[in-house]
Amino acid sequence: KAARCQVRRLRGFYAHLTVYLAVNAGLLVINLFSSPARLWVVWPLAGWGIAILIHGASVFLGGRLLGREWEARKIREIMGKR
């Protein structure tokens, strides 16, 4: 069950990354043809790029940072204090 959940999270991230690359490639082409002197495409690239980084961190690091192991450790820590 946990492996299936992780695979779904990975698939979601890869879909998000694919859409990001496709849309921003299109925006870059539009930008270069419409106003090549002003690169406005960096703003959607940066904003959406931050979202991609956060999504990737939650998928690839989420289990390590705040996953089940962290939760079990915190429970043991709190129970030990009482």
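## Exercises on a helical model

A nonpolar surface patch of about 510 Å² is formed by Leu28, Leu32, Leu39, Val42 and Trp43. Helix H1 (2–34) and helix H2 (42–60) are the elements that give two or more residues to this patch. Keep in mind that the model is predicted. Here are three exercises to work through with it.

### Exercise 1: the fold and its spread

Task: Find how many helices and strands the protein has, and work out why it counts as more spread out than a compact globule.

Solution:
- Step one, list the elements. The protein has four helices and zero strands, and from the N terminus on they run α-α-α-α.
- Step two, turn to the radius of gyration. It is 19 Å for the protein, whereas the globule rule gives 12 Å for 82 residues.
- Step three, compare the two. The value is well over the rule, so the protein is more spread out than a compact globule.
- Step four, look at the extents. The C-alpha trace spans about 65 × 30 × 10 Å along its principal axes.

### Exercise 2: surface, burial and contacts

Task: Find what share of the residues is buried, and which atoms supply 70% of the exposed area.

Solution:
- Step one, take burial. Of the 82 residues in the protein, 12% are buried.
- Step two, take the surface. The protein exposes about 6600 Å², and carbon and sulfur atoms supply 70% of that area.
- Step three, try one residue. Leu28 lies in helix H1. Its relative accessible area is 37%; partly exposed covers the range between under 20% (buried) and over 50% (exposed), so Leu28 is partly exposed.
- Step four, add the contacts. Among those in the protein with a separation of 6 or more, 62% join residues 24 or more positions apart.

### Exercise 3: a charged pair

Task: Search the whole structure for salt bridges, then say where the partners lie and whether they are buried, partly exposed or exposed.

Solution:
- Step one, recall the principle. Side chains of opposite charge can pair when their charged atoms come close.
- Step two, run the search. The whole structure yields one salt bridge.
- Step three, check the distance. The side chains of Lys74 and Glu77 meet at 3.2 Å, N to O, and the cut-off for a salt bridge is within 4 Å.
- Step four, place the partners. Lys74 and Glu77 both lie in helix H4 (residues 68–81), three residues apart, about one turn of the helix.
- Step five, read the accessibility. Lys74 is partly exposed at 27% relative accessibility, and Glu77 is partly exposed with a relative accessible area of 36%.

Notes. Residues numbered from 1 in each chain as written. Predicted model: local features only at pLDDT ≥ 70, side-chain atom pairs only at ≥ 80, totals over all residues. Heavy atoms only, no water. Rg over C-alpha atoms; globule rule 2.2 N^0.38 Å. Buried < 20%, exposed > 50% of the residue type's maximum accessible area, 1.4 Å probe, protein only. Contact = heavy atoms within 4.5 Å. Areas by Shrake-Rupley, 256 points an atom, 1.4 Å probe, with all protein chains shown as cover. Patch = residues over 30% accessible without salt bridge, like charges linked within 9 Å, V, L, I, M, F, W, Y side chains within 5 Å.
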